[in-house]
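Reader: I am new to this structure, and I would like to understand how the descriptive words used for it are justified. Could you take me through them with care?

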Amino acid sequence: MTWNSWHAFFAMGGYADYVWGAYGFATLVLFWNVVSAVRKRKAVLKMLRELALADQAPKETGAQRYVSE
Amino acid sequence: MYKYASPKNFYALAGRLIPWLGTITLLLFVFGLYLGLYVAPPDYQQGDSYRIMFIHVPAAWMSMFVYVMMAGAGLVGLVWNIKLADMLATASAPIGASLTLMALVTGSLWGKPTWGTYWVWDARLTSELLLFFLYMGFMALQAAIDDPRRSARAGAVLALVGVVDIPIIHFSVVWWNTLHQPASIGSLGRIVSPTIYPSMLHPLLIMSIAFFVFYFTVVLIRMRGEILARERHTGWVTQIVRSGMEAQGARP
């Protein structure tokens, strides 16, 4: 195969900083995409739940009516 | 087919598709990285630094593809007033922006050992940077307008004006002198009779498909969030919210 040892693999022929830097940054971006997308949907659900609870409260205030519009 | 054009059915369909698409994405990434980092030989000129290509090129392709999707969806929303199209445009923007940033950063890290510099103000790099600002402008504009209809329309117009940047990025290495290498693939014909070795071409293609499926996975997750937010006054969203509350033990 291409690599004689794990050490050679991690060294990337002397380009370790650039190659692993690029792959590391790409991994961060991919993870950010998944996490932020999942969080966004959960945040919407949480907000809607809080609005629903506020609607069920005994007396509705003007502020709550404004938020739920 | 038409029944999935309603936000309610699309929400359910997307929910079923996401685990499958996510699994396919993961398998493609594992296989692509195995071929690209382990199997492929070093380049005779660039050594192992060229392996950055396997993420840089797919990220750069997707930065343009996602923009075209965003502008196309914006156009459909503008002309036919289809809510799902507006949501597709809105959901695509942060993904496209992050992939553009990925293309710029990985390109910069590839440029240093290859050209001796992280950055050069040539046509390819500058037009790709402009693409990043177009995405950011789209998001800032949409965030600044509260009314969802007006927000979608304003974003679509901006995206459509910015679409001129896409051919400029693509042809920049042909039209102007640059440090950036010309396309190695460029057209379907080059995939059949490529100018790079199969051991390097295959990981590139697999990583590209991985990025492609990744985009659709994440955009569907984001669209589900958009649908809930924009359809919150409808009965079916209320039902989802209520069943979630009961599951959490909240007293109705």
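Author: Let us begin with a bend in a helix, keeping in mind that this is a predicted model. In α3(B) a kink of about 30° lies at A93(B), shortly before the proline P94(B).

Reader: What makes that angle a kink at A93(B)?

Author: The bend is the angle between an axis fitted to the seven residues ending at a residue and another fitted to the seven starting there, and at A93(B) this angle comes to about 30°. A kink of about 30° is also found in α1(B), where it lies at L17(B), shortly before the proline P19(B).

Reader: How do you know how the span of α3(B) compares with the expected one?

Author: The expected span takes 1.5 Å for each residue after the first, and for the 33 residues of α3(B) this gives 48 Å, to which the 46 Å from its first C-alpha to its last is close. Helix α1(B), residues 7-39, also has 33 residues, and its reach of 44 Å is likewise close to the expected 48 Å. For α5(B), the 15 residues should span 21 Å, and because its end C-alpha atoms are 21 Å apart, the two values agree.

Reader: Why is M70(B) called buried or exposed?

Author: A residue is buried if 20 or more other C-beta atoms lie within 10 Å of its own; M70(B) has 28 such neighbours inside 10 Å, and therefore it counts as buried. M70(B) lies in helix α2 of chain B, and, leaving aside residues up to four places away in sequence, it touches A89(B), S92(B), A93(B), G96(B) and A159(B). The residue A93(B) in that list is also where the kink in α3(B) lies.

Reader: And why is G24(A) classed as buried or exposed?

Author: The limit for an exposed residue is 12 or fewer neighbours, and G24(A) has 11 C-beta neighbours inside 10 Å, so it counts as exposed. G24(A) lies in helix α2 of chain A. In chain A as a whole, 17% of the 69 residues count as buried, whereas in chain B buried residues make up 38% of 252.

Reader: What makes α3(B) mostly covered?

Author: The description rests on a count, in which 27 of the 33 residues of α3(B) are buried. In α1(B) the buried residues are P7(B), Y11(B), A14(B), T25(B), G32(B), L35(B) and G36(B), and what covers them includes α2, α3 and α8 of chain B.

Reader: How do you know on which side of α5(B) its buried residues lie?

Author: The buried residues of α5(B) are A152(B), G155(B), A156(B) and A159(B). They cover an arc of only 105° around the axis, which means that they are on the same side of α5(B). On the other side, R150(B) and V161(B) are exposed, while the cover over the buried residues includes α2, α3 and α4 of chain B.

Reader: What is the largest nonpolar core made of?

Author: The largest nonpolar core has 73 residues, and those with the most contacts inside it are A22(A), I52(B), A59(B), M70(B) and L88(B). The elements that give two or more residues to this core are α2 of chain A together with α1, α2, α3, α4, α5, α8 and α9 of chain B. Around A59(B), the residues touched are A26(A), L99(B), M102(B), A103(B), T106(B) and F211(B), not counting those up to four places away in sequence.

Reader: How do you know that chain B is in contact with chain A?

Author: Two residues are in contact if their C-beta atoms lie within 7 Å, and by this test 38 residues of chain B are in contact with 28 residues of chain A. On the chain B side, α3(B) gives the most, with 10 residues, and by class that side has 24 nonpolar, seven polar and seven charged residues.

Reader: What helices and strands do the two chains have?

Author: There are three helices and zero strands in chain A, and chain B has nine helices and zero strands. Along its principal axes, the C-alpha trace of chain B spans about 70 × 35 × 35 Å.

Conventions. Residues are numbered from 1 along each chain as its sequence is written. Chains are lettered from A and ligands numbered from 1 in the order in which they are written. This is a predicted model: local features need pLDDT of at least 70, side-chain atom pairs count only at pLDDT 80 or more; totals for chains, interfaces and linings use all residues. Helices (H or I, at least four residues) and strands (E, at least two) are DSSP runs, numbered from the N terminus. Ala, Val, Leu, Ile, Met, Phe, Trp, Tyr, Cys and Pro count as nonpolar, Asp, Glu, Lys and Arg as charged, and the others, Gly among them, as polar. A nonpolar core is a set of buried Ala, Val, Leu, Ile, Met, Phe, Trp, Tyr and Cys residues joined through C-beta atoms within 7 Å. The arc is that of the directions from the helix axis to the C-beta atoms.
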